[in-house]
Amino acid sequence: MLSKKIIEITEKQKVLETHRVFSAIQNIDDLRVFMTWHVFAVWDFMCLVKRLQRDLTCMDTLWIPSDAPLAARLINEIVLGEESDEEPGGSYISHFELYLLAMKEVGADTRQIEKFIELIRMNVPANEAMEKLSVSPYIQDFVNSTINTVINGNVYQVLGSFVFGREHVIPKMFSGLLNNWHIDENDAPMFVYYLKRHIELDGDEHGPAAIKIIKSLTKENQDAIQELSCSAVEAIDHRVTLWDGMVNTLSQQKSGYVNKVG
């Protein structure tokens, strides 16, 4: 059943891989808007990762062995790459912070996401922080869905969102962006590095590792596979809605610009 479900979900992911948002990014201004939205998905992805690390390893001061040593090993490897990857130049950095550097390099506005992180540090709930900062409703819906899974979902539901809403689809999604946008890679080198790094890691290491975690935990448990699959489909649908909102926003901004010029 698991193999069949993976095939079904992979077919659904094609909507993301070929989404029109990638061809809608035609210049640096479009990329700046895209990044101010997408950075929230970079942040809430880490919430999924850390929830899985909590579930699959021991993060208590008084340590006990994991009940799933293979899954523990694999999720720790994923966390290592996402939370402390190599930065160009030889130091180490989280992918979220790398993304912020890429935003600043192209002149994208980082004030909203930085203020959001400040509020999170102050223990303000994510939904309240986004409302306070007037974050786009499309972004709020996407992040709130992710955080609801992180807080209230079981390990299988979190895995479904993490693996099929993120790790499994990211290589083709980011490749689609690089293949369809209309921007010279030399104009956004840090962002291109970020994309290619994820294509490399998620395609060769993190994605396959995530599938191994699923197989080791579900063991053809029909209820677990169904919960995982439903969560995966929900995560994909929310990402499609986010991208649809992005395309509409870019279109409206271009239209407003044309009207002003006219």
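**Figure 1. Helix H3 and the lining of the largest pocket.** In this predicted model, H3 gives the largest share of the lining of the largest pocket, with 4 residues. Helix H3 spans 28–56, and helix H5 (95–106) and helix H6 (111–121) also give two or more residues each to this lining. The volume of the pocket is about 300 Å³.

**Figure 2. The residues around the largest pocket.** Take a walk around the wall here: the lining is made up of Trp-43, Met-46, Cys-47, Lys-50, Glu-83, Ser-94, Phe-96, Glu-97, Ile-117 and Arg-121. How do these residues divide by class? The lining has 5 nonpolar, 4 charged and 1 polar residues.

**Figure 3. Ser-94, a lining residue in a loop.** Ser-94 is one of the residues that line the largest pocket, and its place is the loop between strand E2 (92–93) and H5. Is Ser-94 buried or exposed? Ser-94 counts as buried because its relative accessible area of 10% falls under the 20% cut-off. Look next at its side chain, which makes a polar contact of 2.7 Å with the side chain of Glu-97; Glu-97 is also part of the pocket lining. Setting aside residues up to four places away in sequence, Ser-94 touches Glu-82, Glu-83 and Ser-84. Among them, Glu-83 is another residue of the lining.

**Figure 4. Thr-146 and its partners.** This view moves to helix H8 (residues 137–152), where Thr-146 is found. Thr-146 has a relative accessibility of 5%, so it is buried by the under 20% criterion. Which side chain is joined to that of Thr-146 by a polar contact? The partner is Asp-44, at 2.9 Å. Once neighbours within four places in sequence are left aside, the residues in contact with Thr-146 are Asp-44, Leu-48 and Arg-166.

**Figure 5. Cys-47 and Cys-230, two cysteines to compare.** Cys-47 will be familiar from the pocket view, as one of the lining residues. Its relative accessible area is 18%, and Cys-47 is therefore buried, given that the limit is under 20%. Cys-230 has a relative accessible area of 44%, which means that it is partly exposed, since this value lies between the 20% and 50% limits. How many disulfides does the structure hold? The number is 0.

How values were computed. Residues numbered from 1 in each chain as written. Predicted model: local features only at pLDDT ≥ 70, side-chain atom pairs only at ≥ 80, totals over all residues. Heavy atoms only, no water. Disulfide = S-S within 2.5 Å. Buried < 20%, exposed > 50% of the residue type's maximum accessible area, 1.4 Å probe, protein only. 1 Å grid on protein atoms, 1.4 Å probe; cavity = no way out; pocket = protein on both sides within 12 Å on 5 of 7 lines; lining within 4 Å. Points joined across faces, edges and corners; volume = space filled by probe spheres on them. Nonpolar A, V, L, I, M, F, W, Y, C, P; charged D, E, K, R; others polar. Polar contact = N/O pair within 3.5 Å; in protein donor to acceptor, adjacent residues only side chain to side chain. Contact = heavy atoms within 4.5 Å.
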